[in-house]
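Trainee: I would like to learn how to justify the words we use for a protein model. Could we go through one together?
Mentor: Gladly. Let us look at it first.

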Amino acid sequence: MALTMLAILATQACGASPGPCNPTPAPCHPILVVEVNDASRLPIPGAAVTVKAERGKEGKKRLTTGVDGLAQFCLAGGASYDVRVAVTGFKKRRVRSAPVPVSVHAPAVRIGLELEVAGPFETVE
């Protein structure tokens with residue numbers, strides 16, 4: 001009976017998977033923080049932020065900004081990255097060659113981007 005309870009608890013702890021539990025990924029120290037705001041400096045949540053190393057084998061990484069307008073990336077460092085931001089209703093922005101240091105003890109590189117509203121303006125009265 002005790003062995004059966006132990007098996008049930010182990011199955012629940014592993015998400016009902018009969019195999020071994022997957023280890024929780026180690027938390028990372030964000031070394032590139034992209035801040036996306038509108039012209040009045042209000043944060044823009046839901047913006048798609050993509051970073052790609054200019055050289056090397058590290059592929060593209062994509063995050064969505066939170067309610068604070070931030071996207072925090074954990075990258076290898078020691079490279080320059082292209083940063084692209086896109087969100088509905090605003091013009092796309094791109095930053096080329098944003099340098100990111102190798103040291104995890106260095107403060108995060110912060111890039112602030114102000115997006116312009118896209119399209120013609122029309123006032124309805």
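**Reasons behind the words**

Mentor: Let us start with Glu35, which has a relative accessible area of 19% and is buried. Keep in mind that this is a predicted model.

Trainee: Why is Glu35 called buried?

Mentor: Buried means under 20% relative accessible area. Glu35 has 19%, so the word applies.

Trainee: What makes β1 largely enclosed by the rest of the structure?

Mentor: Count its buried residues: 6 of the 6 residues of β1 are buried, so the strand is largely enclosed. Both faces are covered, with Leu32, Val34 and Val36 buried on one side and Val33, Glu35 and Asn37 buried on the other.

Trainee: Which strands does β1 pair with, and how do you know that they are partners?

Mentor: Two strands pair if there are at least two bridges between them. β1 has 4 bridges to β4 (residues 70–73), so these two count as a pair, and they run antiparallel. With β7, β1 shares 6 bridges, so that is a pair as well, and it runs parallel. As examples, Val33 has Gln72 as its bridge partner in β4, and Val36 stands opposite Leu113 in β7.

Trainee: Back to Glu35: what makes its contact with Arg110 a salt bridge?

Mentor: The cut-off is a nitrogen of Lys or Arg within 4 Å of a carboxyl oxygen of Asp or Glu. The N to O distance between the side chains of Glu35 and Arg110 is 3.5 Å, so the pair qualifies. Glu35 lies in β1 and Arg110 in β7, so the salt bridge ties together parts that are 75 residues apart in sequence.

Trainee: Is Arg110 buried or exposed?

Mentor: Arg110 is exposed: its relative accessible area is 52%, and the word is used for values over 50%.

Trainee: How many salt bridges are there in the whole structure?

Mentor: A search finds 3 salt bridges. Another one joins the side chains of Asp82 and Arg94, at 3.2 Å from N to O. Asp82 is in β5 and Arg94 in β6, so that pair ties together parts 12 residues apart in sequence. Asp82 counts as buried at 16% relative accessibility, whereas Arg94, at 33%, is partly exposed.

Trainee: What makes Glu116 and Lys91 a salt bridge?

Mentor: Their closest N and O atoms are 3.6 Å apart, and the limit is 4 Å. Glu116 lies in the segment after β7 and Lys91 in the loop between β5 and β6, so the parts they tie together are 25 residues apart in sequence. Lys91 is partly exposed, with a relative accessible area of 44%.

Trainee: Why can such side chains pair at all?

Mentor: Side chains of opposite charge can pair when their charged atoms come close.

Trainee: How do you know that β5 is paired with β6?

Mentor: They are joined by 6 bridges, so they pass the requirement of at least two, and they run antiparallel. Val83 stands opposite Val95 in β6. In this hairpin, which has 6 residues between the strands, Gly89 takes a positive phi near 95 degrees. On β5 there are also 6 bridges to β2 (residues 48–53), again antiparallel. There, Ala53 has Tyr81 as its bridge partner in β5.

Trainee: What makes Lys92 exposed?

Mentor: Lys92 has a relative accessible area of 69%, and exposed means over 50%, so the word fits. Lys92 is in the loop between β5 and β6. Together with Lys52, Lys60, Arg84 and Arg96, Lys92 forms a positive surface patch.

Trainee: Why is Ser97 called partly exposed?

Mentor: Partly exposed covers values between the 20% and 50% limits. Ser97 has 37% relative accessibility, so it falls there. Ser97, in strand β6, also has a positive phi of about 55 degrees although it is not a glycine. Arg41, in the loop between β1 and β2, has a positive phi too, near 70 degrees.

Trainee: And how would you describe the whole chain?

Mentor: The protein chain has 1 helix and 7 strands, in the order α-β-β-β-β-β-β-β along the sequence. Buried residues make up 26% of its 125 residues.

Notes: Residues are numbered from 1 along each chain as its sequence is written. This is a predicted model: local features need pLDDT of at least 70, side-chain atom pairs count only at pLDDT 80 or more; totals for chains, interfaces and linings use all residues. Side-chain values use heavy atoms; hydrogens and water are left out. Patches are made of residues with over 30% relative accessible area and no salt bridge: like charges are joined within 9 Å, nonpolar side chains (Val, Leu, Ile, Met, Phe, Trp, Tyr) within 5 Å. Accessible areas come from the Shrake-Rupley method with a 1.4 Å probe; for residues, only the protein chains shown count as cover. Lys and Arg count as positive and Asp and Glu as negative; His and the chain ends are not counted. The place of a charge is taken as NZ of Lys, CZ of Arg, CG of Asp or CD of Glu. Buried means under 20% relative accessible area, exposed over 50%, partly exposed in between (1.4 Å probe, protein chains only).
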